[in-house]
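Student: Please take a close look at one part of this model, the largest pocket. What lines the largest pocket, and which residues surround the ligand?

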Amino acid sequence: MSGARFRLAPLDQAHERASFRCGSEPLDAYFQRQVTQDIRRNVTACFVALTRQQRIAGYYTLASASMLLADLPATFGRKLPRYPSVPAVRMGRLAVDQTFQGGGLGAALLADALARAARSEIAAYALLVDAKDESAAAFYRHHGFITLVDAPLALFLPLATAAASIAGRSA
Ligand SMILES: CC(C)(COP(=O)(O)OP(=O)(O)OC[C@H]1O[C@@H](n2cnc3c(N)ncnc32)[C@H](O)[C@@H]1OP(=O)(O)O)[C@@H](O)C(=O)NCCC(=O)NCCS
């Protein structure tokens with residue numbers, strides 16, 4: 001698995017971000033120019049995958065969020081208390097440098113984000129993602145994510161489902 005080739009760590013000032021290219025200009029620009037300000041202001045956390053040479057091969061961001069119960073498909077909403085919203089963790093961005101795409105790193109970053117959210121002491125019902133386009137949404141659906149009602153580019157995966165799948169893989 002790519003876990004052997006990459007080390008995952010919180011983004012650090014020492015990491016070189018300028019050469020990161022994932023094929024999406026907004027995702028590159030955010031990573032190069034905005035993310036450190038967002039971290040300083042406590043509105044996002046950012047984790048990176050590093051090669052042995054300390055090159056950044058991928059990144060993702062996490063922040064607290066909430067989901068309206070009305071946005072969940074009825075089969076999920078019915079199993080939850082009748083609160084207007086439930087807590088969630090939002091993975092606002094996920095990107096792999098073009099050099100490393102197609103080798104399993106995107107899936108490894110997603111698994112790391114799910115595991116990080118699932119082991120937090122702060123309760124969250126699901127990991128929520130905003131796909132930038134239909135191709136990104138297909139990537140998330142491939143990994144079991146479910147589309148919110150009337151929002152085809154917003155998807156979620158209950159953390160209980162993710163925890164069961166992670167436990168199944170390590171068994
Ligand atoms: C989308 C992205 C993160 C995927 O990362 P990656 O390292 O190339 O993907 P992986 O090699 O880990 O793919 C893992 C699995 O997802 C599948 N997959 C990858 N991209 C997919 C897509 N667009 N649609 C459906 N499935 C996809 C792969 O076929 C693979 O399946 P398998 O495990 O059954 O063999 C990466 O291509 C990227 O950074 N793209 C540009 C930015 C972007 O679109 N970000 C998405 C968030 S908005």
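Tutor: What follows describes the pocket and then the ligand. The model is predicted. Its largest pocket holds about 510 Å³ of space. The lining is made up of 23 residues, and those closest to the pocket centre are Leu94, Ala95, Val96, Ala136 and Phe139. By class, the lining residues comprise 11 nonpolar, 8 polar and 4 charged. At least two lining residues come from each of β5 (94–96), α3 (105–118) and α4 (134–142). Of the elements, α4 gives the most to this lining, with 4 residues.

The largest pocket is also the space taken by the ligand. Around the ligand stands a shell of 21 residues, of which Val96, Gly104, Gly106, Ala107 and His142 are the closest. This shell divides into 11 nonpolar, 8 polar and 2 charged residues. Again β5, α3 and α4 each supply at least two residues, and α4 has the largest share of the shell, 6 residues.

Polar contacts to the ligand involve both backbone and side-chain atoms. On the backbone side, an N or O atom of Gly104 lies 2.8 Å from a ligand oxygen atom, and a polar backbone atom of Ser135 is 2.9 Å from a ligand nitrogen atom. From the side chain of His142, a polar atom lies 2.8 Å from an oxygen atom of the ligand. On its own the ligand has 910 Å² of accessible area, and the protein covers 70% of that area.

Technical notes: Residues numbered from 1 in each chain as written. Predicted model: local features only at pLDDT ≥ 70, side-chain atom pairs only at ≥ 80, totals over all residues. Heavy atoms only, no water. 1 Å grid on protein atoms, 1.4 Å probe; cavity = no way out; pocket = protein on both sides within 12 Å on 5 of 7 lines; lining within 4 Å. Points joined across faces, edges and corners; volume = space filled by probe spheres on them. Nonpolar A, V, L, I, M, F, W, Y, C, P; charged D, E, K, R; others polar. Near = heavy atom within 4 Å. Polar contact = N/O pair within 3.5 Å; in protein donor to acceptor, adjacent residues only side chain to side chain. Areas by Shrake-Rupley, 256 points an atom, 1.4 Å probe, with all protein chains shown as cover. Sits in = over half its atoms within 2 Å of the grid points.
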